[in-house]
Amino acid sequence: MSDTGVVLVTGAGSGFGRLTVEALVRRGHTVFAGMREPAGRNRAAAAALTGARVIELDVTDQDSATRAVETVIGEAGRLDVVINNAGQVFAGPVEAYTAEEAMRQLDVNVLGALRVNRAAIPHLRRQGHGLLIQVGSTADRVTVPFTGLYGASKAALASLTEAWRYDLAGTGVESVSVSAAPHDTELGAKGTMPADAARLEPYLPALGAFMTDLTARQQEQDGDPQPVADALVRLVEAPAGTRARRTVVGPAVQVAALDELDRVATETARIVGADMGIAAHLR
């Protein structure tokens with residue numbers, strides 16, 4: 001990839017997405033900022049992203065994802081990096097959620113990335129290079145109370161990230177993730193609670209205490225989301241073949257613990273791959 005690239009960012013209207021778009025634009029990259037309804041309810045967010053090309057992208061719609069990727073290719077001539085950042089948080093006890101509500105959580109956080117990557121991968125493979133970055137969470141390894149659906153969605157996304165990495169080995173297309181500890185973004189404020197008040201009611205005392213404690217901990221720790229955007233920019237600009245499979249952004253103790261889990265997972269993949277005759281593709 002050249003010094004500056006063509007980057008598509010999903011969920012670019014706020015939080016990690018907005019900060020990442022702004023940082024990439026400052027560094028001279030050609031950035032396509034994907035969001036829902038940029039001419040409607042997200043008009044103000046779209047107008048604030050100066051220097052980026054804002055495009056309509058609803059990750060819950062395959063046609064929308066395909067059109068967005070085709071727009072990037074049509075206008076820029078290529079696509080170098082996809083940053084799958086769009087996400088939702090469904091917070092509360094798992095019991096209180098219906099299967100239909102759970103599907104909405106998975107639809108955005110898991111199938112959203114699948115749709116966008118499905119649209120992008122043929123282009124990346126043909127050009128012989130590219131990078132897929134999934135914005136995950138430390139909740140994919142450590143389930144935090146009352147975030148079971150969110151953690152499950154991020155665990156599924158982490159598994160898909162690994163699957164794309166192995167599927168695309170040898171094509172020049174890489175798949176990596178950035179796992180963020182809880183940060184102060186609009187995502188939490190926009191979290192969705194269960195609709196079933198009766199099922200939720202027995203959990204309210206514990207849920208209230210947990211949220212109070214979580215807020216206090218975020219204030220004690222550095223909840224600034226900018227380091228996550230900085231980590232994404234570093235991955236975009238890193239030479240091909242040098243990028244870590246997973247980058248954890250958060251308190252040092254969490255980073256160290258999750259890095260050790262990744263070391264074990266990587267070694268296990270190598271052993272299994274050797275048994276299956278595909279060790280050369282695992283790194």
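In which sense do β6 and β7 pair, and over how many bridges? The two strands pair in the parallel sense, over four bridges; strands count as paired if DSSP finds at least two bridges between them. The model is predicted, so that local features need pLDDT of at least 70 and side-chain atom pairs count only at pLDDT 80 or more, whereas totals for chains, interfaces and linings use all residues. Residues are numbered from 1 along each chain as its sequence is written, and side-chain values use heavy atoms, with hydrogens and water left out.

**The whole chain**

Begin with the full chain, which holds ten helices and seven strands. Helices (H or I, at least four residues) and strands (E, at least two) are DSSP runs numbered from the N terminus. Of the 283 residues, 46% are buried; buried means under 20% relative accessible area, exposed means over 50%, and partly exposed lies in between, with a 1.4 Å probe and protein chains only. The accessible surface of the chain comes to about 13,400 Å², and 55% of this area belongs to carbon and sulfur atoms. Such areas come from the Shrake-Rupley method with a 1.4 Å probe, and for residues only the protein chains shown count as cover. Among contacts with a separation of 6 or more, 70% are between residues 24 or more positions apart, a contact being heavy atoms within 4.5 Å.

**The sheet**

Select the seven strands next. They form an open sheet in the order β3-β2-β1-β4-β5-β6-β7, with parallel pairing. The edge strands, each pairing on one side only, are β3 (53-56) and β7 (246-249). From one strand to the next, the twist averages 20 degrees.

Now add helix α3 (residues 62-76), which packs on the sheet and touches β1 (6-9), β2 (30-35) and β3. The direction of α3 makes about 150 degrees with that of β3; axes are lines fitted to C-alpha atoms, for helices over the stretch in contact, and angles run from 0 to 180 degrees between N-to-C directions. Helix α5 (residues 148-167) lies across β5 (130-137) and β6, running at about 160 degrees to β5.

**Strand β6 and its surroundings**

Select S179, which lies in strand β6 (residues 173-180). Is S179 buried or exposed? S179 is buried, because its relative accessible area is 1%. Leaving aside neighbours within four places in sequence, S179 is in contact with G136, S137, T138, D140, R246, T247, V248 and V249. A180 stands opposite V249 in β7.

Move to T171, in the loop between α5 and β6. T171 counts as partly exposed because its relative accessibility is 22%. Residues up to four places away in sequence aside, T171 touches R125, G128 and H129. Measure from T171 to R126: the two are 45 residues apart in sequence, and their C-alpha atoms are 8.6 Å apart.

**Salt bridges**

A salt bridge here is a side-chain nitrogen of Lys or Arg within 4 Å of a carboxyl oxygen of Asp or Glu. By this rule the count comes to ten. Three can be visited in turn.

- Select E75 and R53, whose closest N and O atoms are 2.7 Å apart. E75 lies in helix α3 and R53 in strand β3, so this salt bridge ties together parts that are 22 residues apart in sequence. E75 is partly exposed, with a relative accessible area of 46%, and R53 is partly exposed at 36%.
- Select R199 and E95, a salt bridge with 3.0 Å between the closest N and O atoms. The pair links distant parts of the chain, R199 being in helix α7 (residues 197-200) and E95 in the loop between β4 (81-84) and α4, 104 residues apart. R199 is partly exposed, with a relative accessible area of 41%; E95 also counts as partly exposed, at 41% relative accessibility.
- Select E174 and R243, whose side chains meet in a salt bridge (2.4 Å, N to O). E174 lies in strand β6 and R243 in the loop between α9 (226-237) and β7, so the pair ties together parts that are 69 residues apart in sequence. Both E174 and R243 are buried.

**A nonpolar patch**

Finally, select M103, L111 and L114, which make a nonpolar surface patch of about 230 Å². Patches are made of residues with over 30% relative accessible area and no salt bridge; like charges are joined within 9 Å, and nonpolar side chains (Val, Leu, Ile, Met, Phe, Trp, Tyr) within 5 Å. M103 is placed in helix α4 (residues 99-127). At 44% relative accessibility, M103 counts as partly exposed.
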